Amino acid sequence: MSVVNVSHLAVGYEGREVLHDVTLSVHPGEVVAILGANGSGKSTLIRTVLGLVPIGRGEIELFGTGLRRFKQWARVGYVPQRLGAGGGVPATVGEVVASGRLARRGIFRPPGAADRAAVRAALSDVGLLDRINDPVSTLSGGQQQRTLIARALAGKPDLLVLDEPTAGVDASSQEAFAAALGRFETDGGTILLVAHELGPLQPLIDRAVVVHDGRIAYEGPVPEPAGHHAAPGHDHVHPHADTVKAGICEWAPTDPMPAG
Amino acid sequence: MDLFEYDFMLRALAGALIIGLAAPSLGIYLVQRRLSLIGDGIGHVALTGVGVGLLLHRSPVIAAVIVSAIGAVGVELIRQRGRTSGDLALALLFYGGIAGGVVLVGLSNDSSNANLIQYLFGSLVTTSPQDIVVIGILGVLVLGAMLAFRPALFAICNDEEYARVSGLPVRTLNLLMAVTAAVTVTIAMRTVGLLLVSALMVVPVAAAQQVTRGFRSTMAAAMVIGFGSAGSGVVVSAEIDTAPGATTVILALAVFVAISVGTVAWRLLRRRGTAAREVEPPDVVLQKV
């Protein structure tokens, strides 16, 4: 049985179709990367799998159950691209990660010892246990991203879904991230992630799926990057990437300019 | 102090303390969602409810609860649709609410200005024993719901999409929050009045979050500040003969200012005390986005 099964999926926003006839399965224990340029539809694909975007045509099954009837959300851990801004009310790292226990516990039961232990275990897995009582706003972007993966891991899911988890994340956080995902996979977890570039995650990937213009253009081993990214020693230093990714990138070409 | 030999003063104090505790416990979620002014809007709609109650010779408080709950659910449905016109739709609802209220109160037999003022700015000392029972029951319900569902409500306010993927009943909890906001506004109407309702939900939170590090500690501190300013507001207003609602809000704002000044002074002192802090190297090896 597949963990994720997408068949003949089409998704549109306001009449414009973003995904056309996409078919994909992810098997237990597999690590699948969805690659593609910005605007290719790769994020829409996983957001539809998570039920955040309505299905146009086609079917999605999670753990063998149709998405509309799927209820076992504790088996799914979602890591969004970035921490929501919130309205300025402080929240500690521990409080954010504790949200990851709700799917398992339900809304009526107060948190217990098992929940607190799971939060601590997830935080030590991403190397942030010493920051448990710090406000998340004092963390770096990479540490915030690690907080989000800890939140997903705290629920002890069987499937992790990550949306561009390493975009704009510093090198040490990327490695901590890759190590945590590696341990999750070794324990039998299944991973579906969207990425623009894989970086230190590359060795984990069993299969790459390239989405281009709303269709699956390639499926197989991780393809060689094109253009200057293939050059030896290219370490992806994009000093202005933070400002670019704010929104313009959604429509920017894949390879805007040569490095340097 | 012999002020509290009078039953009406004791009732006033009890009502104020309940609101002072309950309003910030809800307000913290509104502030976190950047909906700080929503309580104000629901207050405008509640005035229409007061008008309906007076016109039909029914309890204005009950009518206000019902009408403002309908208004709050309407606001929530507009918000869920997430259109940019939501802001404008809210404005229409708010002005419709206050205009409708003024017209309906005018049409009722009970159409004195004093009556309108009583709802707009509060009239704590005319609170009847029945009012206190209603305020007490509803206040405890609001407080209980906000504390019991704190983890889920925090998750929704912090990251609504994540909460949906966690399988939480996001829509139901959002509606619960909307109805709770309407109930809080209506019971606080007697204390601070509809025009100042939002202040008791928001100002204690704004004051507390300057010095707290977590959500739970912010909530606790905001409730303490709300409780303290409501209680002292009633006492001070009786001593110097001012409106209790406005006095309470001024005191809460004074706490906000005091904490702001205090934290700035503390930071300046600390900066002077420690040597120049080391700045981390900008070792950002960024992934291409």
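Arg81(B) is exposed in this predicted model, because only 9 other C-beta atoms lie within 10 Å of its own, and a residue with 12 or fewer such neighbours is counted as exposed. The place of Arg81(B) is in helix H3 of chain B, which covers residues 60-81. Gly49(B) is 32 residues away from Arg81(B) along the chain, and the C-alpha atoms of these two residues are separated by 26 Å.

**The two chains**

Chain B, to which Arg81(B) belongs, has twelve helices and zero strands, and its elements therefore read, from the N terminus on, as α-α-α-α-α-α-α-α-α-α-α-α under the run-based assignment of helices and strands. Chain A, by contrast, has seven helices and ten strands. The table sets out values for each chain.

| Chain | Residues | Buried | Contacts with a separation of at least 6 that join residues at least 24 apart |
|---|---|---|---|
| Chain A | 260 residues | 41% | 70% |
| Chain B | 289 residues | 50% | 74% |

As for confidence, chain B averages a pLDDT of 86, and 90% of its residues score at least 70. Among the elements of chain B, helix H5 (residues 113-121) has the lowest mean pLDDT, at 79, while helix H11 (residues 215-240) has the highest, at 94. Where pLDDT is low, the predicted coordinates should not be read in detail. For the complex, the predictor gives an ipTM of 0.84 and a pTM of 0.85.

**The nonpolar core**

The largest nonpolar core has 157 residues, and those with the most contacts inside it are Val161(A), Ala46(B) and Ala181(B). Helix H1 of chain B, residues 7-32, gives the most to this core, with 13 residues. Once neighbours within four places in sequence are left aside, Val161(A) is in contact with Ile46(A), Val49(A) and Leu50(A), and also with Val76(A), Tyr78(A) and Leu192(A).

**An antiparallel sheet in chain A**

Four strands of chain A form an open sheet in the order E2-E1-E4-E5, with antiparallel pairing. Its edge strands are E2 and E5 (65-66) of chain A, each of which pairs on one side only. Helix H1 of chain A, residues 42-49, packs on this sheet and touches E1, E2 and E4 of chain A, its direction making about 115 degrees with that of E1(A).

Within the sheet, strand E1 (residues 4-13) and strand E2 (residues 16-26) of chain A pair in the antiparallel sense over seven bridges, and Gly12(A) stands opposite Glu17(A) in E2(A). These two strands form a hairpin with two residues between them, and Glu14(A) in the turn has a positive phi of about 45 degrees. E1(A) is also joined to strand E4 (residues 57-62) of chain A, by five bridges and again in the antiparallel sense. In E4(A), the bridge partner of Asn5(A) is Glu61(A), and that of Val4(A) is Leu62(A).

**Further strand pairing in chain A**

Strand E3 (residues 31-35) of chain A runs parallel to strand E9 (residues 207-212) of chain A, and four bridges join them; here Leu35(A) stands opposite Val210(A) in E9(A). E9(A) pairs as well with strand E10 (residues 215-220) of chain A, in the antiparallel sense and over five bridges, with His212(A) opposite Arg215(A) in E10(A). E9(A) and E10(A) form a hairpin with two residues between them, in whose turn Asp213(A) has a positive phi of about 55 degrees.

**Helix H5 of chain A**

Helix H5 of chain A, residues 141-154, has 14 residues and reaches 20 Å from its first C-alpha to its last, close to the 20 Å expected at 1.5 Å a residue. H5(A) is mostly covered, since twelve of its 14 residues are buried, including Gly142(A), Arg146(A), Leu148(A), Ile149(A) and Leu153(A). Which elements do the buried residues of H5(A) pack against? They pack against strand E6 (76-79), helix H2 (93-98), helix H4 (113-125), strand E7 (159-163) and helix H6 (171-186) of chain A. Just after H5(A), Lys156(A) takes a positive phi of about 50 degrees.

How values were computed:
Residues numbered from 1 in each chain as written. Chains lettered and ligands numbered in written order. Predicted model: local features only at pLDDT ≥ 70, side-chain atom pairs only at ≥ 80, totals over all residues. pLDDT = per-residue confidence, 0-100. Core = buried A, V, L, I, M, F, W, Y, C linked by C-beta atoms within 7 Å. Buried ≥ 20, exposed ≤ 12 C-beta atoms within 10 Å, placed from the backbone. Contact = placed C-beta atoms within 7 Å. Pairing = 2+ DSSP bridges. Axes fitted to C-alpha atoms, helices over the stretch in contact; angles between N-to-C directions. Expected span 1.5 Å × (residues − 1).
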